[in-house]
Structures are given as C-alpha cells and as structure tokens.
Amino acid sequence: MEYFYNYFDSNLINLIASETNAMQKNEIQTVSNSEIRSFIGVLILSGYVPVPRRRMLWEREQDAHNDLIATAISRDKFDFVMKHLHFTDNNSLDLTDKFAKIRPVFQHQRKSACSLVL
C-alpha cells in the first residue's frame, strides 16, 4: 500500500474524483475519493483474478464472486465511475497532444517518481 500511495497520493485521487464529478452531465451521483481508490483497486485485482466478464466479480455464485471487491465498491458505482472517469477538462485540451486526456496523471507520476529518487 505504501508503494501504491507513493504514486496515487491524495492529490492525484482528489484530481481524479473532482474531474470525474465535473464531467457528469445530468447525473446526480458523485464519486468520493475512497470510491476512486476502490475503483483502481478493482482494476488492479481484476488483472490477477481474471473472469470472462468483470461484472461476474459481484455475482453471488461462489466460483466468480469476490468478497473483497463486492464489499469495497458496488457494481453499479464501479460501472458509473467506469463510464464517467476523467482526468482533465475536455474543454481545455491541447489538440496537438495525443495524451492530453491523461497528461495530468503522467505529470503527477513524474513528480512522484522524482521525489522518491531524491
């Protein structure tokens, strides 16, 4: 967890949550910082626990259900975050930058890596 928080610290989680909340149109749900952390955790864990469909992780059958995931974040909230996930404002994108939509994460990761080396 310490290694994870070196790269996904509270500043980056706040950025992701605020941009995700800002990009929702006509939606009444909001996403909290803890839900963003849980969302990222599900993505990481689903790489280690492969299932044919990600939604199976929330099913009740024992062969696919994952208690850790099901208690961390609901399936509907995970799908909501997956649908609305943003890292920057689309109205202020540099159209010449192919990675403009995820550039804030790259910049944050570079700062984090530099601070770990020092």
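In this predicted model, the lining of the largest pocket draws at least two residues from each of the helices α1 (2-7), α3 and α4 (67-72). The largest share, 6 residues, is provided by α3. The pocket holds about 270 Å³ of space. Its lining consists of M1, F4, Y5, R37, S38, G41, V42, I44, L45, L68, I69 and A72. By residue class, 9 of these are nonpolar, 2 are polar and 1 is charged.

The chain that carries this pocket contains 6 helices and 0 strands, and its elements follow the order α-α-α-α-α-α along the sequence. The C-alpha trace extends over about 45 × 40 × 25 Å along its principal axes. Among contacts in the chain with a separation of 6 or more, 57% join residues 24 or more positions apart. Of the 118 residues, 31% count as buried.

In soluble globular proteins, nonpolar side chains tend to be buried together. The largest nonpolar core of the present model comprises 19 residues, of which I36, F39, I40, V42, W58, I73 and F78 touch the most other members. Two or more residues of this core come from each of α2 (10-22), α3 (33-48) and α5. V42, one of the residues with the most contacts to other core members, is also part of the lining of the largest pocket. For I73, the contacts beyond four places in sequence are with E35, S38, F39, V42, W58 and F78. Among these partners of I73, S38 and V42 also line the largest pocket.

Two further buried positions were examined at α5 and in the loop that follows this helix. H84 belongs to helix α5 (residues 75-84). With a relative accessible area of 8%, H84 is classed as buried, because this value falls under the 20% cut-off. A polar atom of the H84 side chain lies 2.9 Å from the backbone oxygen of F80. T88 is located in the loop between α5 and α6 (103-117). The relative accessible area of T88 is 14%, and this residue is therefore also buried under the 20% criterion. When neighbours within four places in sequence are left aside, T88 contacts E19, M23, L93, A100, K101 and P104. One of these partners, E19, falls within the range of α2 (10-22), and another, P104, falls within that of α6 (103-117).

Two asparagine residues, N14 and N26, were considered in turn. N14 lies in helix α2 and has a relative accessible area of 34%; N14 is partly exposed because this value lies between 20% and 50%. The side chain of N14 forms a polar contact with the side chain of N33 at 2.3 Å. N14 and R60 are 46 residues apart along the chain, and their C-alpha atoms are separated by 32 Å. N26, by contrast, is found in the loop between α2 and α3. Its relative accessible area of 84% is over 50%, so N26 is exposed. The C-alpha atoms of N26 and V105 are separated by 26 Å, with these positions 79 residues apart in chain numbering.

Terms used. Residues numbered from 1 in each chain as written. Predicted model: local features only at pLDDT ≥ 70, side-chain atom pairs only at ≥ 80, totals over all residues. Heavy atoms only, no water. Helix = DSSP H or I, 4+ residues; strand = E, 2+ residues; numbered from the N terminus. Buried < 20%, exposed > 50% of the residue type's maximum accessible area, 1.4 Å probe, protein only. Polar contact = N/O pair within 3.5 Å; in protein donor to acceptor, adjacent residues only side chain to side chain. Core = buried A, V, L, I, M, F, W, Y, C linked by side-chain atoms within 4.5 Å. Contact = heavy atoms within 4.5 Å. 1 Å grid on protein atoms, 1.4 Å probe; cavity = no way out; pocket = protein on both sides within 12 Å on 5 of 7 lines; lining within 4 Å. Points joined across faces, edges and corners; volume = space filled by probe spheres on them. Nonpolar A, V, L, I, M, F, W, Y, C, P; charged D, E, K, R; others polar.
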